[in-house]
Amino acid sequence: MISRFGDALRTAALPLLAVRLTDEPLAVASVTACAHVPWLLFGLLGGAVADRVDQRRAMWAVDTVRGLLVAAFALAVGLGHASIALLLALAFALTTLQTLFDNAATALLPSLVDREALGGANARLMTGQQLAGGLLAGPFVPLLLAAGAFMPFAADAGTYLLAAALVASLRTRPPGREPRPAGSTLRAEIGEGLRVLRADRTLRAVCGATLLCNIGMGALIATLVLHVTGWLHAGDAGFAAAMTAYSAGSVAGGLIAQRIARRTGRLRALIAAGTVQTGCLLLAGTVRHLGALLPALLLLGAMAMVWNVNQVTLMQQRGPESMLGRTAAAFRTASTSGAPLGALLGGAAARVYGLNAPALVAAVLFGLAVTSLISARRWDVRVVVPDDGATTGHRAA
């Protein structure tokens, strides 16, 4: 959660710094696109490595390296050497390291809590991350930027190093791994993770829907700074308010995500969340007033958290424990592969049709995602154990 606080400072500051360097929508969107490309190149490899190594050690080592990289970037910005090329390089490097960190974190959690309690644990973890990274960090961005363009990045570097120390102090039980066959290769192990995802129809459906949503969110997030500062003329403070509204909604969503899943099942929770998000995006793209955008982003963030908690929990509950790193990598790589395309699509749409167009493009894609999930409700009836420990028979999703 500490490193997420710093991430939020950097995530908000990067597009604001990009806008100061250029007013070209495609160039600004390219910063977001570049932050997603490493998942396509290294995501599967990161999952295979996460299943081979001590996940706790991998996480603190990655955070240490990321802290040093961001510290060097803060120094460059402070000395006046910031450029779009440098922003692209930083985004690419940090996400490359994140492919190992995120897959290791997903695989590590079941060694900390019982599998039937994963839904509640994911909700608490993601809510805490949003609380630290959104509500607490968002209001600091304009203040830090006023003190110097390098300040958000210097703070981010410090949080990475502190988070590395905290992760290193964790004590976990060894994962339930089967011995690797003699001569097993990373390529073969990556293939095993892909086969787990391909064999599970529900996970495949959720992965495809998440892909569509990520294309839409890529288009929206990459151009949100232009939407707020250009289309709405709300300035840096308006952008910080928009980011804070989304994060506040995410915190609220984390508090209700598990309750919704217990009432409806995880797959229906995804459908409901996607439907509400579609309406929020339509509102954001049609009403030209910050007073409309903020509640839309608040609700969008809440439903995004409902989606994320239930999507990750489904994956952890249905995947083999010894292969969670690879299963998570296959899911993430496939579902995030459209984010760079979405970012560039958003930049192109903003340039050709107007700065509100990316929100409308995202609404269409979210609507398609919901439609693709509706038929999946009929698949795979099996016994599941809710987080309260009572065994019931109903649809696995």
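Buried residues make up 53% of the 397 residues in this protein. The model before you is a predicted one. The protein contains 16 helices and 2 strands. If one takes the contacts with a separation of 6 or more, residues 24 or more positions apart account for 86% of them.

Let me turn to the interior. In soluble globular proteins, nonpolar side chains tend to be buried together. Here, the largest nonpolar core has 72 residues, and Phe73, Phe153 and Leu373 touch the most other members. Apart from that core lies another one, of 9 residues, which includes Ala50, Met59, Phe101 and Ala104. As for phenylalanine 73, its contacts, not counting residues up to four places away in sequence, are Leu14, Leu17, Leu86, Leu87, Leu90 and Phe153.

I should now like to consider two leucines of helix 12. Helix 12 spans residues 266-286, and leucine 270 is located in it. Is leucine 270 buried or exposed? Leucine 270 is buried, because its relative accessible area is 0%, and the cut-off for a buried residue is under 20%. Which residues does leucine 270 touch, if those up to four places away in sequence are not counted? They are Val206, Trp307, Asn310, Gln311, Leu314 and Leu373. With tryptophan 307, the C-alpha atoms are separated by 5.2 Å, although the two residues are 37 residues apart along the chain. Leu373, also on that list of contacts, was named earlier among the residues of the largest core that touch the most other members.

The second residue, leucine 281, is likewise placed in helix 12. Leucine 281 is buried, with a relative accessible area of 1%. Leaving aside neighbours within four places in sequence, leucine 281 is in contact with Leu220, Leu300, Ala359, Ala362, Ala363 and Phe366. Between leucine 281 and proline 358, which are 77 residues apart along the chain, the C-alpha separation is 9.3 Å.

I move next to the packing of helices. Two packed helices are described by the angle between their axes and the distance between the axes. There are three pairs to present.

The first pair is helix 9, residues 186-199, with helix 10, residues 201-231; they pack at an angle of about 95°, and their axes are 5 Å apart. Helix 9 is therefore roughly perpendicular to helix 10. On the side of helix 9, Leu197, Arg198 and Ala199 take part, and they meet Arg201, Leu203, Arg204 and Cys207 in helix 10. By class, the contact of helix 9 with helix 10 has 4 nonpolar and 3 charged residues, with no polar ones.

The second pair is helix 13, residues 290-318, with helix 14, residues 324-336, where the angle is about 140° and the axes are 10 Å apart. This angle makes helix 13 oblique to helix 14. The crossing of the two is right-handed. Which residues meet in the contact of helix 13 with helix 14? Helix 13 provides Gln311, Met315 and Gln316, and helix 14 provides Leu324, Thr327, Ala328 and Phe331. Those residues divide into 4 nonpolar, 3 polar and no charged. Gln311 also appears among the contacts of leucine 270.

The third pair is helix 15, residues 339-353, with helix 16, residues 357-374; their axes come within 8 Å and cross at roughly 130°. Helix 15 and helix 16 are therefore oblique to each other. Their crossing is right-handed. Leu345, Gly346, Ala349, Ala350 and Tyr353 of helix 15 make the contact with Ala357, Pro358 and Val361 of helix 16. This contact of helix 15 with helix 16 comprises 7 nonpolar residues, 1 polar residue and no charged residues.

Two individual residues remain. Arginine 326 is found in helix 14. Arginine 326 counts as buried, because its relative accessible area is 9%. Not counting residues up to four places away in sequence, arginine 326 touches Gly47, Ala48, Asp51, Glu189, Ile190, Glu192 and Gly193.

Histidine 233, by contrast, is exposed, with a relative accessible area of 63%. Where is histidine 233 placed? Histidine 233 is in the loop between helix 10 and helix 11, the latter covering residues 235-264. Its phi is near 55°, a positive value in a residue other than glycine.

Technical notes. Residues numbered from 1 in each chain as written. Predicted model: local features only at pLDDT ≥ 70, side-chain atom pairs only at ≥ 80, totals over all residues. Heavy atoms only, no water. Axes fitted to C-alpha atoms, helices over the stretch in contact; angles between N-to-C directions. Helix = DSSP H or I, 4+ residues; strand = E, 2+ residues; numbered from the N terminus. Parallel < 35°, antiparallel > 145°, perpendicular 65-115°, else oblique. Left-handed = near helix turned anticlockwise from the far one by under 90°. Contact = heavy atoms within 4.5 Å. Nonpolar A, V, L, I, M, F, W, Y, C, P; charged D, E, K, R; others polar. Core = buried A, V, L, I, M, F, W, Y, C linked by side-chain atoms within 4.5 Å. Buried < 20%, exposed > 50% of the residue type's maximum accessible area, 1.4 Å probe, protein only.
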